[in-house]
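Subject: Structure handover

Hello,

Here is the structure I promised to pass on. My notes on it follow below.

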Amino acid sequence: MGLFGSYQNAGPGINPYAPKKKPFFRFWELMWRSLGKLLSLNILHTLLHAPLFLSLIVFLETDNAMTVPFSIGLLVIQFFLEGPIMAGCTRVLRLIVLDKPCFLGEEFKIGFSKNFMPSVLVWILDAVIIASITSGYFMYPLAAEHFNANWPYIFYVISIGVALIVLFMNFYLFPMIVCTNLKTKAVFKNAFMLACLSPKACLISLGGIVLMLAILILLLLVHSLFMVLVAFFPAAFIGYLVMFVNYPVIQKFVIDPYYEETGEQNPEKDQPVPVDERVFTDRGGTETPIKVDKPKKGKTLS
C-alpha cells in the first residue's frame, strides 16, 4: 500500500509455492483476508432467520386466536430451512478455509439448493437426537427423586456423554454433506468415527465456541444495544472456526484416501502445471527488487 511505503519500488512479489504458515497464524491471516465475506455471510444467515424473529414478535406482541398457530407455522418454516441454510453457509466457509475463489451469493445458493433434501433429512434426525437427549437431561433427575434412588443418574451421565459426542458429530455432518456424495447413513457413521478420532480438534472447536458466546453474552450484559452484533457475529465466525479446525480431519480420513485410491486428481490440492504447458512462469518471491530513483525536486521561484 502506498500509505506506508513507496509504491514506486517493485518488491520481490509473493511466492505461490511458499510453505504455509503455522495453523494459528494462518487462522488469523485467512480470517482477516476474508473478513468482509464472513461479515456478509453472518448478515445473510441472520436475514434467513426472519421467520424465527417474526414468530417471536407475533407471539409477544399479539394476543388473538391466530397468535399461536401463526407463530408455530413460522417456526416450522424456519425448522425446515435451517438445514439448507447450514449447508449453504458450510459451502462458503469451506471455500474460505481452502483459500479458493468464492462468490458468496452464488456459492451459498448452490450449497442451499443442491443439498436441500439431504440437509433437511440430516437436520431432522439431528433434531430428534437432540430432543431425546434434552428430555433425558430433565427426566432422569426427576426419576431419581421419584424413586428415591441414585441409579437414574447413571443414565443421566450417559446422556451427557452422548450429547457431547453428538455435538462433536455436528462439526462434521454438514461439511460431509457439502463435499461428498455419501448417503445419510454413511454421513452419520463417518461423523461418529471422525468425532472419536479427533477429540483434540473437537475440544479446540468447543472451547472457541464457548469463548465467542461468552464474549457476546458479556457484551449483552453491559448493554442491550450490543444485540445488533448478532447480525454480524458470531454465527459465521463460529462456523469459520469449526471449519478451519475440523475440516482437515475430513480431508485426512475421507477425501484424501478416496482420491489416492481412485487415482483421480484431488481438486482441493493445488497441482503444479507441467513446464511444457505453462503460458508464463510465476517468479513471485524470487525476483530481485527494483529500486526506482525518486526524481529530484527542482527549485521554485517565489
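Let me start with a question: which side chain meets that of E268 in a salt bridge? The partner is R94, at 2.8 Å from N to O. Please keep in mind that this is a predicted model.

The E268–R94 pair links distant parts of the chain. R94 sits in helix α4, while E268 belongs to the segment after α10. The separation in sequence is 174 residues. Both E268 and R94 are buried.

L95 gives a second view of that region. In sequence, L95 and E268 are 173 residues apart. In space, their C-alpha atoms are 9.4 Å apart. L95 lies in helix α4, which covers residues 67-97. Its relative accessibility is 11%, below the 20% cut-off, so L95 counts as buried. Beyond its sequence neighbours up to four places away, L95 touches K100, P101, C102 and E107.

Overall picture

The protein chain has 10 helices and 0 strands. Along the sequence, the pattern is α-α-α-α-α-α-α-α-α-α. The chain has 302 residues, and 34% of them count as buried. Take the contacts between residues at least 6 apart in sequence: 72% of these join residues at least 24 apart. The accessible surface is about 20,400 Å². Carbon and sulfur atoms account for 69% of that surface.

Salt bridges

The whole structure holds 4 salt bridges. E268–R94 is one of them.

Another joins E107 and R91, at 2.7 Å from N to O. E107 lies in helix α5 and R91 in helix α4, so this pair ties together parts that are 16 residues apart in sequence. Is E107 buried or exposed? E107 is buried, with a relative accessible area of 14%. R91 is buried too. Helix α5 runs over residues 104-114. Leaving out neighbours within four places in sequence, E107 contacts R91, V92, L95 and C102. L95 thus appears in the contacts of E107, and E107 in those of L95.

R33 and E29 form a further bridge, at 3.5 Å from N to O. They are 4 residues apart in helix α1, which means that about one helical turn separates them. Here the side chains are not buried. R33 is partly exposed, with a relative accessible area of 46%. E29 is partly exposed as well, at 26%. E29, R33 and D99 are linked in a network of salt bridges.

Nonpolar core

In soluble globular proteins, nonpolar side chains tend to be buried together. How many residues does the largest nonpolar core have here? It has 52. Those with the most contacts inside it are L38, L41, Y172, M176, Y240 and I250. Helix α10, residues 235-262, gives the most to this core, with 15 residues.

L38 is a good place to look. Apart from its neighbours within four places in sequence, L38 is in contact with M31, L93, I96, A236, F237 and Y240.

Aromatic pairs

The count of aromatic pairs comes to 17. One pair is F27 and Y240. Their ring centres are 4.9 Å apart. Their planes stand at 35°, between the 30 and 60 degree limits, so the pair is tilted. F27 lies in helix α1 (residues 23-33) and Y240 in helix α10, so the pair ties together parts that are 213 residues apart in sequence. Both F27 and Y240 are buried. They also belong to one aromatic cluster, made up of F24, F25, F27, W28, Y240 and F244.

Nonpolar surface

Which residues make the nonpolar surface patch of about 760 Å²? They are F53, L56, F59, L60, V68, I72, V76 and F80. The elements that give two or more residues to the patch are α3 (50-61) and α4. I72 is in helix α4. Its relative accessible area is 46%, so I72 is partly exposed.

Where to look first

For the salt bridges, open E268–R94 and E107–R91. For the aromatic residues, centre on F27 and Y240. For the surface, turn to the patch that includes I72.

Best wishes

Terms used: Residues are numbered from 1 along each chain as its sequence is written. This is a predicted model: local features need pLDDT of at least 70, side-chain atom pairs count only at pLDDT 80 or more; totals for chains, interfaces and linings use all residues. Side-chain values use heavy atoms; hydrogens and water are left out. Buried means under 20% relative accessible area, exposed over 50%, partly exposed in between (1.4 Å probe, protein chains only). Contact means heavy atoms within 4.5 Å. Accessible areas come from the Shrake-Rupley method with a 1.4 Å probe; for residues, only the protein chains shown count as cover. A nonpolar core is a set of buried Ala, Val, Leu, Ile, Met, Phe, Trp, Tyr and Cys residues joined through side-chain atoms within 4.5 Å. Rings of Phe, Tyr and Trp (its six-membered ring) pair if their centres lie within 6.5 Å; planes under 30 degrees apart count as stacked, over 60 as edge-to-face and the rest as tilted. Patches are made of residues with over 30% relative accessible area and no salt bridge: like charges are joined within 9 Å, nonpolar side chains (Val, Leu, Ile, Met, Phe, Trp, Tyr) within 5 Å.
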